[in-house]
Amino acid sequence: MDRRFLCTAIFVCLALFRLEAQDIYPYPVDNGDLRKVSDLYAKEMYRSSLEKIYSAKKEPGNVLTDDDLAFYEAMSALYNEQSNAEALLSEIIHSKPKNIHYPEAMFGYGRYLYSKGKYKDAADAFKQISASEVPSTERAEYYFKSGYSSYKSGKTDEAVNDFRKIKDQRNMYADAALYYYSHIEYEKGNYVTANQGFERLKTNPNYASVVPYYTLQIAFIQKDFDKVIADGEGFLSQSSESRMGEITRILSEAYMQKGNFEKSAEYFEKYEKSTSKLSREDYYLKGFIAYEKEDYPSAAKSFVSAAANAKDSLSQLADYHLGGCYLQTDSKEDALSAFMRASQNDFNETVREDALLNYAKLSLELRNNETPMLAYLEQYPANANNPEFLTYRAESAAKKGNYAEAIRLLQTNPNPSTSDQAAIQRLAFAAGTASFKNSDYAQAIDMFDMSINSPVLGSDNSVKALSIYGKANATYALGNYSSARSLFQTFINTAGSFNLQEYSIAHYNTGYCYFKEQNYDQALTWFRKYISFEANTSRKTVYLGDCYNRIGDCYFKKRDYQLAADNYTTSESLGIPNPDYSALQRGISLGFTSGTDAKINALKHIPRSYPNSTRVPSAYYELGRTYQQQMKYDDAISAFQSVISKYPSSPVYSNSLVESGLIELNRGNYDKALSYYRQVVDKFPNSPEAQNALEGIKNIYIEQNRMDEYINYSNKIGQGVKSPGEKDSLIFIAAERLYQTGDCAKALPAMRKYLEDYPSGRFLTPANFYLADCSMKQQDYSDALSAYSYVVRQPENDFTETAWSGVARANYNLKNYADAAAAFEQVKSLAQTPIGKFDAELGCMRAYVAMENNEKAAVSAGVVAASTGIPPELKREANLVIGRASQQSGDYKKALEIFKTLAVDLNQPIDAEAKYRMIASYFAQKKYKEAENEVISFSENSTQQLYWLAKSFIILGDIYVLKDNKVQAKATYESVANGYKRRDDGVIEEAEQKLRELE
């Protein structure tokens, strides 16, 4: 801008610079030739002058001296622009002794160079002589032209010295010298001196149009914005159109500095119309004005142009304010990138610090990445215990599920705020809930206690109340029913609990505590209280159906069978959770109140209404016993036969054989009785039922006087009288009793000792089964597998199906997935009940998933998903497997339909994986926008499933690569490589590989 003002002044002064050669020194004219040459030279008739000199040289007796001749000839040739001029002038300059016209020649040469615009050469020529060698009348010209030539040559100090000597004198060059003197002082930043000079030139018509620009800029530089506005607006009406742009630009910034952004915007709009292209500084000013006017989208566009991917102080400021714009428009991902760039420039330390802080905050919020915050605190350790930072870091830890660390950070603050105290209470509750889900009940109780003992803030007691409820559940899970009961009642009486959904359930849970303590009267009271809460609603909850069953159980234990039957009937009518149990118990209860007919009708109802229920065999068995009591033996046999023919794996199978044998024995059908008894002995040789059957066989042989046959039979089956097997039986029974009490720690060595002492013992099958069962419970899967394998190698027995299931589960836990799958397939073929088949199918599905055999896994998953009455999570797990298989086969439409139904609660593993697979499916179909939107949606859910979130961000980086946005891609990969903590699952390695591929 200054240079344009300067150009105007130069043109104004040109008239002053056209000082002609007529001012050359006068010469004596006593010689005719010399007078003629002098006159011609003075009149600028340089060609004629040269002709006269050349003719005079030929005339005899001319009196031109050598010095005169050389001077006039050289100077005329110079002004006539002859090729030999410089050579002639050089002879004068280098003559020995010096030509008497040397000062005149150098001054004239300087004038000539000056007139040609050869200022560097002119300055050198002027410096060859001193001002004292120039006539006093021409010294002002000498100083000005010497100064101006030095100025144009960049020698401002020499120029200032020349201008200073004439600027305050009365001469024709004084104002021009003063102008350039002031201009140089302006350029050097000496604004007071410059302004004094410009003020003196205001009345000079040659500078009146130029000087105001300088005074306006000086006022702006000195931050006298009031003067800028006052002078600028007045000057604007007088200025030319070409200068209006500069003035409006200054006025815009002045108004901006004064905080008047409306006027600032008004003048900037005028400035923008006057210029063809805005500079980066212009864009910054435009953006700042828009930002202050809260037009954040427009401001953002301008700041982007101002930043221009440069690395300077302006780009740092522009990126910083750009981040602020993005925050205001909730474009947090863009804000994160802008603040990151601003934090990487160190031109303005204050801006850098605040940008790094904002970058760190957004990294925590969007990526759950604490690395930038730790970097900030490392650089600015004085802020380490700043409550704001502690809160941000605590939020990050909480998002990762590290509640203990979140609590520790908040407790670091010696004066926690009310919100911090509330956060500690909520975090302790969340930690307790997480520990409870992980079955770490003792840790859960500690965390719930911390939440309970936190100060209650305001009128909201809900967190404290829920913590008491959570502690009660954990205490119940530990089997401490008395303490759990007390805690549930405390929860009920805690302010704020009434409006919680847990309030009514707490009454139900209290009833369960009394039920477990066999205090049936109190249990009834609390179960009824729960029912009263549900009476005025249309809900049919699992709790309600179970509650009526437990009331029925209480009355059954109290031998009030009619009330028991009534409550079982109510529970069955609700249809949840176990209507088949309700029906069975109702039938048994009716047998004590309404007679056997009512019991029989109720029991017959079960197979018809619940044909797939596992309780159908028990219903047939009870039905058979009831007919047996009525001595309706044919009907009894028919009922028992239903068990024997259809449910060989049922627990009542062997009992049905025994009862059938007893009926035939009582009817005198000894061969039929023997057939039933022998089946028991053959199939369950070591069972209590086999002992009863042996007694029946013995009685039959005695009755028929067939003792030899009995002895042979008993010896054949190893049941000889007083044989060593009796000791075998006693040792096994003792070990079995330990097992039946659930004391596996004692049962395991007892079973091992039995197997070692009696390698051919009668109870090898159950002993191995019990050994396997206890080993599984203690997670000794290898021993369990060995024992189960023994059982399944034996002829089919009461343990066969369960043992095959154990073989499958042990192999699965040992990661022998192929063997596990084969075993589960065997269980499917053996299972006689829908639940057995379902469990086997579920095991197959999981084993095939572990084997990465998605095709077979999907087949099993289809069966699992189609099953009724299963927990929702199992159905969701199965659907996830089907979705994986569809995705792998390229059926993305089906896969996406499944994944969308699953991705609901992204804190759950299934939901988070489904969300990731949605993103991967969109990416595979090149639907990058949909994939990108889903990644953003995923990151905004504050999920704790960081593995799937990190995998999703890697896909987002891949999308940026495909869009040729390598900067964003790199930032995305780096956020995973630097922010993800686990190093054993391949995520960090994948992100680092992606970064290497970008290089």
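A disulfide is taken here as a pair of cysteine sulfur atoms within 2.5 Å. The model is a predicted one, in which local features need pLDDT of at least 70 and side-chain atom pairs count only at pLDDT 80 or more, while totals for chains, interfaces and linings use all residues. Residues are numbered from 1 along each chain as its sequence is written, and side-chain values use heavy atoms, with hydrogens and water left out.

**Exercise 1. Cysteines**

Task: Apply the sulfur cut-off to C547, then find which cysteines form a disulfide and determine its handedness.

Solution: Begin with C547, whose sulfur lies 9.0 Å from the closest cysteine sulfur, that of C554, which is too far for a bond. C547 is also buried, with a relative accessible area of 0%, where buried means under 20% relative accessible area, exposed over 50%, and partly exposed in between (1.4 Å probe, protein chains only).

Turn next to C744 and C774, whose sulfur atoms are 2.4 Å apart and which therefore satisfy the rule; the count by this rule comes to one disulfide. The pair links distant parts of the chain, since C744 belongs to helix α41 (residues 744-757) and C774 to helix α42 (residues 764-777), 30 residues apart. Helices here are DSSP runs (H or I, at least four residues), as strands are (E, at least two), numbered from the N terminus.

Finally, take the torsion about the S-S bond of C744 and C774, which is about -70 degrees, so the disulfide is left-handed. Both partners are buried, C744 at a relative accessible area of 8% and C774 at 1%.

**Exercise 2. Helix α18**

Task: Compare the span of α18 with its expected value, and describe its start, its packing and the residue just after it.

Solution: The expected span of a helix is 1.5 Å times one less than its number of residues. Helix α18 (residues 313-328) has 16 residues, and its reach of 23 Å from first C-alpha to last is close to the 22 Å expected.

At the start of α18, a side-chain oxygen of D312 comes to within 3.3 Å of the backbone nitrogen of L314. The buried residues of α18 include L314, A318, L322 and Y326. An α-helix has 3.6 residues a turn, so residues three or four places apart point the same way. The buried residues of α18 pack against α16 (280-292), α17 (296-307), α19 (332-343) and α20 (349-367). Just after α18, D330 adopts a positive phi of about 60 degrees.

**Exercise 3. Loop backbone**

Task: Locate the cis peptide bond that ends at P577, and decide whether R559 and Q779 are buried or exposed.

Solution: The bond from I576 to P577 is cis, with omega near 0 degrees, and P577 sits in the loop between α31 (561-574) and α32 (579-593). R559, although not a glycine, has a positive phi of about 65 degrees; it lies in the loop between α30 (542-557) and α31, and at 65% relative accessibility it counts as exposed. Q779, in the loop between α42 and α43 (781-793), likewise has a positive phi, near 65 degrees, and is exposed with a relative accessible area of 56%.

**Exercise 4. Overall form**

Task: Describe the helix and strand content of the protein and the box its C-alpha atoms fill.

Solution: The protein has 54 helices and zero strands. Its C-alpha atoms fill a box of roughly 190 × 60 × 45 Å along the principal axes, and 51% of its 999 residues count as buried.

Note on methods. Contact means heavy atoms within 4.5 Å. A polar contact is a pair of N or O atoms within 3.5 Å; within protein, one must be able to donate a hydrogen and the other to accept it, and residues adjacent in sequence count only if both atoms are side-chain atoms.
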